[in-house]
Structures are given as structure tokens and as C-alpha cells.
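Grab your viewer and work through these exercises with the coordinates open. Each task comes with a solution that goes step by step.

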Amino acid sequence: MMRWKTYAFLFPLIVWGETVAQASDVGRPFFAFQNGVRFSSAEERIEALKTLGYDGIGSARPQDLENRLKLYDAAGLKIFSLYLGGLLNPNGTEVSPEIKEAIRILNGRPTVIELFVRGGSSNTDEEAIAYVREVADLANESGLKVVLYPHSGFYVDTLSDAVRIARLSERENVGAMFNLCHFLKVEPEADLAQELKNAKPYLWRVSTSGADVGGTNWGQLIQTLDQGSFDQTTLFAILDEIGYRGPVGLQCYAIKGDPFQNLERSIQAWRRLSD
């Protein structure tokens, strides 16, 4: 069990009661990326997420997956997604045993595979499509969806890349994910509204974080949700306009400080944003 006594501010959080409503009460499930739920065990992560009112965890690692699924199920929380992928090889990119095992374990569950596709200028769409199709076909056998995760510096590093490869893969269980921090880093001058509208048929996942407009490093582009100069209301107004009501993930990579306090600040900002 977690030793909450180190968090003096927790007592008023519990006493207020109504302020700890699930994020899903405001329309969209809200989950934290595992990289921000920095506790030493699954039990401690679950207790923190449930206490603060998150709907679960996502962009998670696959280690000890069967046991973790049982723990999250028992707590009434979800593992929204697993973060997995591979490096393109001109001779054919092998689907890792890690991905195959995760797909087997997740059979019939709503957890999605967040698939990153690494590579460079020497790689091709044909290589990426072949890899995505192979993962998608395996996932389909377990009734799972795959969302292509745009990551700065990877072969798929923009939302439009993810949408293009998803469309060309010609697999009904393949969509795309929008990641605010990578969008601002890779294509800061792009028209956010237009990019999201273009992505609408394939947009199955969204992640956000506090971020500074014009930021160039992760310290500026990944902050708690109550910080940064980027106007979150703009993002969610666009998502409302295109009819996106799916889950939203909180990117937390390398945010310094106490993880519980960071998660509390972000979910309070989420509730203000949702209001």
C-alpha cells in the first residue's frame, strides 16, 4: 500500500469529495501516460490514479501484463493502450515477440496498440505499410485496434504521416493518434485545425500536455496541464467541432518533481478545461 502521509495536501482532496469525480463524468475518458505515474509498483500506480480520479493508464509498457490487467480490472480502471513498435528494415520488419505476446494477452479487450514506426529517409512507405499490415492482421485476430503513434524523429513523425500510412494500409483496425508535444515540435507552423480535420476519419486517440508555443525541447513541450502558453481550449474546441469524443491521454515524459503532485495539478486543470 502507498504511504500517502508524505502528501500533506491529500487530506483536503479527499474531504472535498465532489472534486474527485471521475474525469469521464465530463465526457471524455482521461488517462495518464505510464511515464508520469512514477511509482514503484502497479498497486501504487493504481492507488494514485484512483485517488485522483483518472480513468486509467495508457501508453503503458507490456511487462507483467496479465497480472496488471487483473489489478486494474479489480480497481475499476483501464489500461487504455500499450506503447510498442519497431524499426523499419528494407528486408522486412519483424514483429517483435513482445508485440505478439501482448496481442495474445489482450484478446477481446478494448486496449489499443500504440504503434510507433522508427526509420529514416532511406526507408519507404511500402516498408512501413508492410509492417503495419502485419501488426494489424495479428491484432485483428484478437479483436484489437492499432493506432499509429507519430513520434519526433521517427519514420512516422507527423499526424499526416500516421493518417497516410493508416489509409494506405487498408486495414479497418488501423487508425492514427494525435500527440500535441510531437506536433508542436515537428510542425510548429502547421494549421492545427486543418490537420485534425484531415485526420478525422482515422483519429482514434489524442494526447496532450501543458506546452509552450514555440518550444523546442521536451521541458518546454511537456509540462503539467496547468502550465504552458499553448491554449488547450483551442485544441478541444477543434476536437468538439470534428466530433472527437474518444479518450485523451496525458503525456508526462520527463516532467520533474513529485509524480503525485504533478498528476493532481494536471487533473485539476483537466476539470477546469472540461467545465
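**Exercise 1: a serine and its surroundings**

Ser 207 is buried, its relative accessible area being 1%; here buried means under 20% relative accessible area, exposed over 50%, and partly exposed in between, with a 1.4 Å probe and protein chains only. Before going on, a word on the model: it is predicted, local features need pLDDT of at least 70, side-chain atom pairs count only at pLDDT 80 or more, and totals for chains, interfaces and linings use all residues. Residues are numbered from 1 along each chain as its sequence is written, and side-chain values use heavy atoms, with hydrogens and water left out.

Task: find which strand holds Ser 207, and what Ser 207 is in contact with, leaving aside its neighbours within four places in sequence.

Solution.
- Step 1: Ser 207 belongs to strand β8. Helices (H or I, at least four residues) and strands (E, at least two) are DSSP runs, numbered from the N terminus.
- Step 2: contact means heavy atoms within 4.5 Å. With neighbours within four places in sequence set aside, Ser 207 touches Phe 33, Met 177, Phe 178, Asn 179, Leu 180 and Gly 249.
- Step 3: take Met 177 from that list. Its C-alpha atom is 7.7 Å from that of Ser 207, although the two are 30 residues apart along the chain.

**Exercise 2: the sheet**

Task: write down the strand order of the open sheet, then work out which strands are at the edges.

Solution.
- Step 1: two strands pair if DSSP finds at least two bridges between them. On that basis nine strands form an open sheet in the order β3-β2-β1-β9-β8-β7-β6-β5-β4, with parallel pairing.
- Step 2: β3 (78–79) and β4 (81–87) are the edge strands, each pairing on one side only.
- Step 3: look at β5 from both sides. Seven bridges join β4 to β5 in parallel, while three parallel bridges link β5 and β6 (residues 146–148).
- Step 4: pick out Glu 114 in β5, which has Tyr 83 opposite and Val 147 of β6 as a bridge partner.
- Step 5: six of the seven residues of β5 are buried, so this strand is largely enclosed by the rest of the structure.
- Step 6: add the helix α4, which lies across β4 and β5 and runs at about 150° to β4. That angle is taken between N-to-C directions, from 0 to 180 degrees, with axes as lines fitted to C-alpha atoms, for helices over the stretch in contact.

**Exercise 3: the buried face of α10**

Task: which residues of helix α10 (residues 232–242) are buried, and what covers them?

Solution.
- Step 1: the buried residues of α10 are Gln 232, Leu 235, Phe 236, Ile 238, Leu 239 and Ile 242.
- Step 2: down the axis of α10 they fall within an arc of 155°, so they line one face of the helix. The arc is that of the directions from the helix axis to the C-beta atoms.
- Step 3: the cover over these residues includes β7 (174–179), α7 (180–186), α8 (192–199), β8 (203–208), β9 (248–250) and α11 (259–274).
- Step 4: step off the end of α10 and you get to Gly 243, with a positive phi near 85°.

**Exercise 4: salt bridges**

Task: how many salt bridges does the structure hold, and where do the partners of Arg 109 and Asp 73 lie?

Solution.
- Step 1: a salt bridge is a side-chain nitrogen of Lys or Arg within 4 Å of a carboxyl oxygen of Asp or Glu. The structure holds 10 of them.
- Step 2: one of them joins Arg 109 and Asp 73, with the closest N and O atoms 2.6 Å apart. Arg 109 is in the loop between α4 (97–105) and β5 (112–118) and Asp 73 is in helix α3 (residues 65–75), so the pair ties together parts 36 residues apart in sequence.
- Step 3: for a local case, try Glu 101 and Arg 104, whose N to O distance is 2.7 Å. Both lie in α4, three residues apart, about one turn of the helix.

**Exercise 5: cysteines**

Task: how many disulfides are there?

Solution.
- Step 1: a disulfide is a pair of cysteine sulfur atoms within 2.5 Å. The count by this rule is zero.
- Step 2: check Cys 181, whose closest cysteine sulfur, in Cys 252, is 10 Å away, too far for a bond.
- Step 3: Cys 181 is buried at 1% relative accessibility, and Cys 252 is buried at 6%.
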